[in-house]
Amino acid sequence: MDLLSAESSNPSYKIESTLMTQTTTSSSSSSPISSASNNTPNRYENQKRRDWNTFCQYLRSQKPPLPLQLCSGGHVLEFLHYLDQFGKTKVHNPTCPYFGIPNPPTPCPCSLRQAWGSLDALIGRLRAAYEENGGQRETNPFAAPDVRVYLRDVRDFQSKARGVSYQKKRKRPKPNNKG
């Protein structure tokens, strides 16, 4: 999912990384804790920027290139299908003898796909990045109903295919320690 070429070809990324380098080196006399927390983006922000650059590069690579303003939930679904080729999760077909078995004893020819958790996290980051880059919440293609339905279907199918249940963990009420 990580396309390093998108980072290196993005002029705003080059400016941003140059500014961060200059800022952190010039503020080395101050407290290292405060300068690190104020100037460097955290892991989530870095991943969100990489994901956004990847999605924008995907739109530019379409024939003809697709402007972000015309992007819809259908285009997001096409992007998710495109990402499946880079997946590392074995998802068994219903005809596979290992369908529903969590740890099959031998290899099978079923395809590798993106895991549901990875797709869910990706959509969350892209949803936030869309709005941070000037998109309106009402027109956010990553929040489209068909994208939510697709993610739910992927979760359900993968849980059946791998024999793993994705149930929400129930929050336990905190015990009252009033005494």
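These are my notebook entries on a predicted model of a single protein structure.

**Entry 1: overall layout**

I began with the secondary structure and found seven helices and two strands in the protein chain. Reading along the sequence, I wrote down the pattern α-α-α-α-α-β-β-α-α. I then looked up burial: of the 179 residues of the chain, 31% count as buried. For contacts with a separation of 6 or more, I noted that 64% are between residues 24 or more positions apart.

**Entry 2: cysteines**

How many disulfides does a search of the whole structure find? I got zero. I still wanted to see where the sulfurs sit, and I started with Cys71. Its nearest cysteine sulfur belongs to Cys56 and is 9.0 Å away, and Cys71 is in no disulfide. Cys71 is a buried residue, at 9% relative accessible area.

Next I turned to Cys108. Here the nearest cysteine sulfur is that of Cys110, at 3.7 Å. I kept the cut-off in mind: a disulfide needs the two sulfur atoms within 2.5 Å, so Cys108 is in no disulfide either. Cys108 also counts as buried, with 14% relative accessibility.

**Entry 3: salt bridges**

My search of the whole structure turned up six salt bridges. I took a few of them in turn.

Asp84 pairs with Arg113, and their closest N and O atoms are 3.1 Å apart. Which parts of the chain does this pair tie together? Asp84 sits in the loop between helix 5 (73-83) and strand 1 (89-90), while Arg113 belongs to strand 2 (residues 112-113), so the bridge links parts that are 29 residues apart in sequence. I checked both ends for exposure. Asp84 is buried at 10% relative accessible area, whereas Arg113 is partly exposed at 24%.

Glu131 and Arg137 form another salt bridge, with 3.8 Å between the closest N and O atoms. I found Glu131 partly exposed, with a relative accessible area of 29%, and Arg137 exposed, at 63% relative accessibility.

Arg155 and Asp156 also meet through their side chains, at 3.4 Å from N to O. Both ends came out as partly exposed: Arg155 has a relative accessible area of 25%, and Asp156 has 32%. I also noted a network in which salt bridges with shared partners join Glu45, Lys48 and Glu132.

**Entry 4: helix 5 against helix 7**

I looked at how helix 5 packs with helix 7 (residues 145-162). Their axes are 8 Å apart and make an angle of about 30°. Are the two helices roughly parallel or roughly antiparallel? Angles under 35 degrees count as roughly parallel, and helix 5 and helix 7 are therefore roughly parallel to each other.

I listed the residues that make the contact. Helix 5 contributes Gly73, Gly74, Val76, Leu77, Leu80 and His81, and helix 7 contributes Asp146, Val147 and Tyr150. Sorted by class, this contact has five nonpolar residues, three polar ones and one charged.

**Entry 5: a cis peptide bond**

Last, I looked at the backbone around Pro64. The peptide bond that joins Lys63 and Pro64 is cis, with omega about -10°. Where does Pro64 lie? I placed Pro64 in the loop between helix 4 (43-60) and helix 5.

How values were computed:
Residues are numbered from 1 along each chain as its sequence is written. This is a predicted model: local features need pLDDT of at least 70, side-chain atom pairs count only at pLDDT 80 or more; totals for chains, interfaces and linings use all residues. Side-chain values use heavy atoms; hydrogens and water are left out. Buried means under 20% relative accessible area, exposed over 50%, partly exposed in between (1.4 Å probe, protein chains only). A salt bridge is a side-chain nitrogen of Lys or Arg within 4 Å of a carboxyl oxygen of Asp or Glu. Helices (H or I, at least four residues) and strands (E, at least two) are DSSP runs, numbered from the N terminus. Axes are lines fitted to C-alpha atoms, for helices over the stretch in contact, and angles run from 0 to 180 degrees between N-to-C directions. Angles under 35 degrees count as roughly parallel, over 145 as roughly antiparallel, 65 to 115 as roughly perpendicular and the rest as oblique. Contact means heavy atoms within 4.5 Å. Ala, Val, Leu, Ile, Met, Phe, Trp, Tyr, Cys and Pro count as nonpolar, Asp, Glu, Lys and Arg as charged, and the others, Gly among them, as polar.
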